[in-house]
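Me: I would like to learn how to read a structural model feature by feature, starting from the general idea and ending with the case at hand. Could you take me through it?

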Amino acid sequence: MSLWVDKYRPTSLGKLDYHQEQASQLKNLVQCGDFPHLLVYGPSGAGKKTRIMCLLRELYGAGVEKLRIEHQTIVAPSKKKIEINTIASNYHLEVNPSDAGYQDRVVIQELIKTMAQSQQIQASTQREFKVVLLTEVDRLTKDAQHALRRTMEKYMATCRLVLCSTSTSKVIGPIRSRCLAVRVPLPSTEEVCNVLTSVCKKEGLLLPPELAKRISDKSGRNLRKALLMCEACRVQQYPFSADQDVTEPDWEVFLRETANYIVSQQTPQRLLEVRGRLYELLTHCIPADIIMKGLVRELLNNCDGHLKPEVAHMAAYYEHRLQLGNKAIYHLEAFTAKFMAVYKKFMEDGLDGMMF
Amino acid sequence: MLSFLTNCSVDQSFIDLTGQNLFDCREKRGQILGSQIEPMRPRKRKGEICSSDLGHRKQDEPWVDRYTPCSKVDLAVHKKKVEEVENWLKVHTDGSQGGLLLLTGPSGCGKTATIQVLSLELGLRIQEWTNPPKLDSYTNSQQVSFDIFMSVKSKFHLTSQSAQFQEFLLRANKYNCLKMVGDARSFFPMSIQVFDKYTVFSCLGCAHSCCAVSSRCFVKTSRFPLVFIVSNSPSADSSSRFLFPRELMEELHISNISFNPVAPTTMMKVLTRILTNEDGKSNGRVIVPDQTVLEMVCSGSSGDIRSAINNLQFASQKEALRGNHPLKSKVMAVSRSTLRKKSKPKNGQEGQPPVGMKDTCLFLFRALGKILHCKKAECAFALQLPSHLSQHHRESLQVDPEWVIEHSYVSGEFFNLYLHQNYLDFFSEMEDVEKASEYMSDADLLTSDWMSSNTMREYASSVATRGLLHSNSQQIAVGFRPLHKPNWLLVSKKHRENCLAAQFLFRHFCMTPVSLQTELLPYLAKFTNPFKNQAEITFIQDVGHLPLKRFSLRYSSYSIPFIACLRCTR
C-alpha cells in the first residue's frame, strides 16, 4: 500500500491538477524534441518534481518510470571515497549532490561526465541526449556551482540538466542565466481543496469541504503536506467530521510547547530545559534551521506587537550565525537566551507601568 | 637502505635476554644503539644495585641504568599489581596455550621493569621488540607533530615497520618452536612489545589495523604469551584504545592490567635508597640533597620514577660540578629559568616547580571549576572605570583563563563544549546568561571557517572563557555543583546517523532530505499502514514520535518540578 501522495501523483502534463497554462507551455517546450537546461524553482510541496517527471515522460515515454535506486561510489582526486544514492532510469539520472556535503563538486563533475560520455544505444529512435536531474541545487557549495557551470557548457551536446531548488537566491548568476527558469508557485487554497476532494473520491471517501479548507490552511498550501495530513486524518477517524482535529507532525507540536515554556518563565533553569528539548528535536532528525524558523514563528505568535520587530531582527542575526557556525546549539541557545532576556525586561517594564 | 634497516633492527630485536647475561646484553645493545646515534635510552631501570660487577662502571652512567631492580622487593610497583602480573604469567606459561597481555599505565610507572624482574624470577626468556631506531629521527622531538608532512613521512616508515614487526613475530614463533623440542620448561620464551614510540602512529589508523592483523595471526599459531606494553599519557589516554579497540580485546581475549603512577611514599623510599648508596660509594663527589629537595623531585615527577631518578641525579651532579653553591638555591634558579621560558606565569599555583619537572596537568573538572566558579581576587589594585562604564567593572581574576585551558589537556573547542554544558547552573540572572550565550556563539563563529580555524581556535576558547567570566556579574556562591559531560557530541552524532538512516531506509520515496525528515517521517509515524521492513518500523517508532506534553529527562540533568505550577505564575 503506497501513500496517497505517490498513488495519485499525476504522471503526464495533461493530467496536472493546477497551473494548467504552465503545463501546456511545458508541453510546447518539449514538443520539438529538445529543450534548454531548466531551473525549476518554487516552494516545497508545490509540485516541482511532479512537473519535471511529467516532462520527462512526455519526452521519453513510459520508460522513465522504470526507476532503479543505485548506490554509487565516487573516488575523489584526494582518494576519498564518496558514497551517494542516485535514482536512474534508462534516460535520466536523479541525484542530490548536497548529500555528499562539501564534496559535492566531485559528485557533479564525475556523475555528469559518466552520464554524458555514455551514448544512447538507439540514437535514431531515441533522443540524442539524456537528462540529469539535480535536486536541492540551492544547497550546493559555491565550488560545486561553478563546476556545474562549466559542465553545463561542456556536455551540452549529450545531456540536459534540470535543476530543482526551492529558491534561486542561492544559485549563482551564471547558472541562472544558462537555464530557462520555471517557477512553480504554490497552489491556491481552492486548488488544494479540489485535489484533496478528488483524491478522497478516488479512495471512496467523503471529505467535508470545511475539513478540506482547514487542512489546506494548516498545511500552508503545501500539497504534499496537505495530502499527508488528509491521510492521517483518515487514519485517525472515519467518517470525517467537519470539526475534527487536523493531525500535525509531532515536532511542530513539540516546538510550540517549547515556545510556551520560553514565554512562561525566563530563568537559566528554564533555558536548560529548553536546551534539552532542542536536543530532543535535533535527535529526531529536524534540521537546526527548521527548528530556528519554527521557534521564531511560534514566539512571534506569543509576544507583544512592540517586540516583534526586535525578535525578528534577533532571529535573523542568529539564523545567520547558525548557517556560518559549526555547532548549532550555541546559536539556538543564544537566540533563546536573548529572547528570554528581552521578553523578561518587557514584562517587567509593563508591570512597572501598570503599578504607577 | 631499506634492507639494511630491516636487518639491523631485526638483529637487534633478537638478542636473547636470558637471566644470566641480561646485563651484558644490555650493554651490547647500548653500544649498538649508541653507534646509530640513537637518542632513546633503554627503558626504566630502577631499584637496588644488583650485581657486583657493576663496580667498574663509569661514574657518569645514568642512575636509572645503575639501579635497575632485579627482585620483586625492589620494584616500586604495588605488591598486588606485581602479584597480578605474576599470576597471569604463571597461568599462561603453564599450558600449551599462549595468551596476550596488555600492560598500560603512564610512562615511568614500572611496567617493563615488572615484566623483566618477573621473567627473571620465573626463569622465562624474553624476546623484546623495540621500534626500529631510524624511526626515531623523525619523532624524537618529544612533541608529537600531527601536521600532514609529518604523517606522510611516518606513514612511509610505518609500512616497513609493520612488516618488520610481523616478521619479528613470525621468527620469534618459529625460532622458539625449534628450541622447544629439546629444551626444558624453564626456557619458555616470551615476547615483549614496547609501544612507547609506537603510540605516535596510532592516530594514523593503519597502525592498529596492522597490529590487529599480526596479533590475530599470532594468537592462532602461538603457544607463548605475548605482552604488549603501552604507555599512555594523561592527555591522550586513548592511545591504547586506538591500538586495541574493545572488539579486538574481546575477540582475542587480551587481558589488560593497568598500572598506576608510582606512589609518592614508594618513590621517596627508592630515591632515599639510591642516595644513601651513592653517598656511600662516591666519596663525597655527590652531595646528598636534603629532604625538601627530595620531596620536590618526588612531587614534581608526578609518579614517573624514571624522570624522578634522572632529576635526582641531575640535581646532585650539577652540584658536584659547580662546587660550593647551596643546592637549594641552585634548584630554585633552575626552576625559575624554566619558568621564564614558559610564557605563562603560574599565578596562584602551588609553589615553584622543581628541576625539570613534568608539566602538571589540571584535572578537567578542576579546570572547569576554575572558570565556572569564577574566583575573583578579593581586592587587588583595581582599575577605575569611568562612571558610564561602571557596570562593566569586575574584580580582577584569580586565574588566567588561557593558562587553565592550556593545562586542561583538552582542545579549546572541547573545553567550550564542557563550559556550555555546565554554565547555566552557575548563573542566576537572565541578562547575564544572555551575554554569556552570545559569547559562546561568538566563539563558535570564530572557528567556523576551516581555513583560519587553526589559528582562531585559541582566540575562540579565550573569548568563551573570558566572556563567561565577565558576564557573570551576580556572583553567587553556588557551592558544589555536579558537572556534566557535553551532550552536544552525542546529539549531533545521533542527528547525523538518524538522517543517514532515514535517507537510506526511505530512499524509494525519492524525496529531498528536508521534506523527508520534516514532512514524511512524522506522518508515517501516524499511519497504521504496515511496512514490510522491520527496520523501517523501528526507525519510525524511534524517530517519528516525540515525547509530547512532558519533559524528557534524558537530556536535562536533573528532575524538574511540575510545569503547571510554574506556568501559573505569569
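Reply: What follows goes through helices, a single residue, salt bridges and the contact between two chains.
This is a predicted model, in which local features need pLDDT of at least 70 and side-chain atom pairs count only at pLDDT 80 or more, while totals for chains, interfaces and linings use all residues. Residues are numbered from 1 along each chain as its sequence is written, chains are lettered from A and ligands numbered from 1 in the order in which they are written, and side-chain values use heavy atoms, with hydrogens and water left out.

Me: How should I read a helix such as α2 of chain A, and what span should its 12 residues have?

Reply: Helices (H or I, at least four residues) and strands (E, at least two) are DSSP runs, numbered from the N terminus, and the expected span of a helix is 1.5 Å times one less than its number of residues. For α2(A), residues 20-31, that gives 16 Å, and the end C-alpha atoms are 16 Å apart, which agrees.

Me: Which residues of α2(A) are buried, and which are exposed?

Reply: Buried means under 20% relative accessible area, exposed over 50%, and partly exposed in between (1.4 Å probe, protein chains only). By that rule Gln22(A), Ala23(A), Leu26(A) and Val30(A) are buried in α2(A). They cover an arc of only 100 degrees around the axis, which puts them on the same side of α2(A); the arc is that of the directions from the helix axis to the C-beta atoms. Glu21(A), Asn28(A) and Gln31(A), on the other side of α2(A), are exposed. Taking contact as heavy atoms within 4.5 Å, the buried residues pack against α3 (48-60) and β7 (180-183) of chain A. After the helix comes Gly33(A), with a positive phi near 95 degrees.

Me: Where do the buried residues of α7(A) lie around its axis?

Reply: The buried set of α7(A) comprises Thr189(A), Val192(A), Cys193(A), Val195(A), Leu196(A), Val199(A) and Cys200(A). They cover an arc of only 160 degrees, which puts them on the same side of α7(A), whereas the face turned away from that side carries the exposed residues Glu190(A), Asn194(A), Lys201(A) and Lys202(A). The packing partners of the buried residues are α1 (4-7), α8 (209-218) and α9 of chain A, and just after the helix Gly204(A) takes a positive phi of about 80 degrees.

Me: Is Gln145(A) buried or exposed, and what does this residue touch?

Reply: Gln145(A), in helix α5 (residues 142-154) of chain A, is buried, with a relative accessible area of 0%. Leaving out residues up to four places away in sequence, Gln145(A) touches Val137(A), Leu140(A), Lys170(A), Val171(A), Ile172(A) and Ile175(A). A polar atom of the Gln145(A) side chain lies 3.4 Å from the backbone oxygen of Leu140(A).

Me: How many salt bridges does a search of the whole structure find?

Reply: Side chains of opposite charge can pair when their charged atoms come close. The criterion for a salt bridge is a side-chain nitrogen of Lys or Arg within 4 Å of a carboxyl oxygen of Asp or Glu, and the search finds 26 over all chains. In one of them Asp34(A) pairs with Arg160(A), the closest N and O atoms being 3.0 Å apart. Asp34(A) lies in the loop between α2 and β1 (38-41) and Arg160(A) in strand β6 of chain A, so the pair ties together parts that are 126 residues apart in sequence. Asp34(A) is partly exposed at 32% relative accessible area, whereas Arg160(A), at 6%, counts as buried.

Me: How many residues does each chain give to the contact between chain A and chain B?

Reply: Chain A gives 73 residues and chain B gives 72 residues. Buried area is the accessible area (1.4 Å probe) that two parts lose on being put together, summed over both, and for these chains the value is about 7,000 Å², with 61% of it on carbon and sulfur atoms. On the chain A side, Asp250(A), Cys285(A) and Tyr330(A) lose the most area to chain B, together 11% of what that side buries. Between the chains there are 4 salt bridges, including that of Lys338(A) with Glu434(B), whose closest N and O atoms are 3.3 Å apart. The largest share of the side of chain A that touches chain B, 14 residues, comes from α11(A).

Technical notes: Polar contact = N/O pair within 3.5 Å; in protein donor to acceptor, adjacent residues only side chain to side chain.
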